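Me: I would like to learn how to read a few local features of a protein model, taking each idea together with its example. Could we go through them in turn?

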Amino acid sequence: MRKSVLKAMPLAKPLAVAAVLACAFAGQAQAQTNVIIYGRVDAGINYQSNQVGKDANGNTIRGGQWGVGGNEWGTSMIGFKGTEDLGGGLKAMFTLESGFQADTGRFNGTGLFNRRSTVGLNGGFGTVKIGRDLALPSDRVWSIDPTGQQNMSTATLFKGRNWPQTSNQIQYITPDMGGLYVHAMYGAGEAAGSFTRGPAGSGIGNSTGLAIGFVQPTYELLAMYDTARDENGTYDSLFSRSKEITVGGNVTIGAVKLYAGWQNLSAPAQPLAASGIGAANKANQFWLGANYQLNPALTLIGAAYHVKLNHDVGSANLFMLGANYSLSKRTLLYASIGTIRNGSNTDFQVQTGDSTGLTGQNQNTFYTGISHSF
């Protein structure tokens with residue numbers, strides 16, 4: 001998962017705290033087995049057609065929009081992680097990670113470590129982590145998505161449902177069993193007298209996830225079920241508080257890697273509108289795609305995504321082509337083009353965002369940029 005869909009906040013104060021923490025971690029590096037600072041900075045140029053906005057007088061305007069983008073290929077982030085060898089094959093570990101927008105310098109969220117803040121143990125029994133982390137879809141679905149969860153991906157036709165983080169998590173990941181693994185997650189709602197509700201006014205309840213995967217050198221299979229509830233412990237919003245099933249995989253044949261998958265969303269408690277996308281409380285998404293390794297540095301990408309909503313709301317399609325060019329192991333140039341074709345009652349945006357005024361409309365996009373990891 002490479003995305004965060006939380007609101008931005010000023011960078012200066014959290015960055016100062018992060019700098020102090022970095023110094024503290026560095027000072028303890030000799031006492032611990034391993035402590036590192038890591039991250040990624042991603043930014044570029046972005047164009048989207050048929051954007052809807054307001055002029056100075058509040059009148060609706062529509063047209064193409066150019067800008068300096070951030071996080072189109074992957075989330076910009078900075079993090080700290082470390083391990084301590086406790087002996088007998090047991091290790092303690094922690095991760096502290098924040099996502100930010102390279103084009104504005106702002107953090108993605110209201111907390112300092114808005115993506116990950118976990119501590120745990122790893123050993124022959126597997127891995128246990130506690131804290132805030134990416135939701136299970138964010139952590140797993142990228143491996144079966146031909147774009148690797150770029151801004152055009154499985155998340156587009158599910159309006160960012162794959163991208164959130166979850167607080168109050170407990171995770172367990174089995175050790176590798178000949179390529180087979182199980183990944184389970186529970187995010188507590190922390191409401192008195194309930195395992196599913198959340199505190200009044202929070203808007204969120206508990207979350208759960210279970211993924212079973214099988215990874216081999218030339219193919220990968222994944223099946224996953226996850227839930228996100230509202231504060232009342234129900235599923236009231238198709239693209240945020242809902243139940244999700246994911247099945248997919250990839251296979252490598254020479255220089256070509258093929259991808260296919262299916263996802264289902266359902267929100268049985270969602271209040272249904274009389275018409276339009278709000279009349280749907282179930283959605284099915286299918287996708288096919290391929291990566292072609294033209295040479296060691298250049299990868300070509302092609303993908304097609306289709307979503308179908310119930311109650312005769314209709315469907316939408318996303319098509320994209322892209323290229324990744326590695327200047328080194330840490331620096332990548334990328335470029336992608338795409339189009340979204342909405343049905344008469346759907347309002348999906350080609351890059352996940354505000355879809356006001358887009359019902360029955362189509363959009364095109366182009367973005368290119370540079371991503372550097374450290």
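Reply: What follows is a short dialogue on three places in this model, which is predicted.

Me: Which strand holds Arg132, and how far away is the nearest side chain of opposite charge?

Reply: A salt bridge requires a side-chain nitrogen of Lys or Arg within 4 Å of a carboxyl oxygen of Asp or Glu. Arg132, placed in strand β8 (residues 126-134), is buried yet has no salt bridge, the nearest side chain of opposite charge being that of Asp133, 8.4 Å away. A polar atom of the Arg132 side chain does, however, lie 2.9 Å from the backbone oxygen of Asn114.

Me: Which residues make the nonpolar surface patch, and which strands each supply at least two of them?

Reply: Residues enter a patch only with over 30% relative accessible area and no salt bridge. Here Tyr219, Leu221, Val251, Ile253 and Leu258 make a nonpolar surface patch of about 410 Å², to which β12 (219-228) and β13 (243-253) each supply at least two residues. Tyr219, in strand β12, is partly exposed because its relative accessible area is 32%.

Me: Why does Asn364 count as partly exposed, and what does its side chain touch in a polar contact?

Reply: Partly exposed covers values between the buried limit of 20% and the exposed limit of 50%. Asn364, in strand β19 (residues 362-373), has 35% relative accessibility and therefore counts as partly exposed. Its side chain makes a polar contact with the side chain of Thr339 at 2.7 Å, and, leaving aside neighbours within four places in sequence, the residues in contact with Asn364 include Tyr47, Gln48 and Arg341.

Conventions. Residues numbered from 1 in each chain as written. Predicted model: local features only at pLDDT ≥ 70, side-chain atom pairs only at ≥ 80, totals over all residues. Heavy atoms only, no water. Helix = DSSP H or I, 4+ residues; strand = E, 2+ residues; numbered from the N terminus. Buried < 20%, exposed > 50% of the residue type's maximum accessible area, 1.4 Å probe, protein only. Lys, Arg positive; Asp, Glu negative; His and termini not counted. Polar contact = N/O pair within 3.5 Å; in protein donor to acceptor, adjacent residues only side chain to side chain. Patch = residues over 30% accessible without salt bridge, like charges linked within 9 Å, V, L, I, M, F, W, Y side chains within 5 Å. Areas by Shrake-Rupley, 256 points an atom, 1.4 Å probe, with all protein chains shown as cover. Contact = heavy atoms within 4.5 Å.
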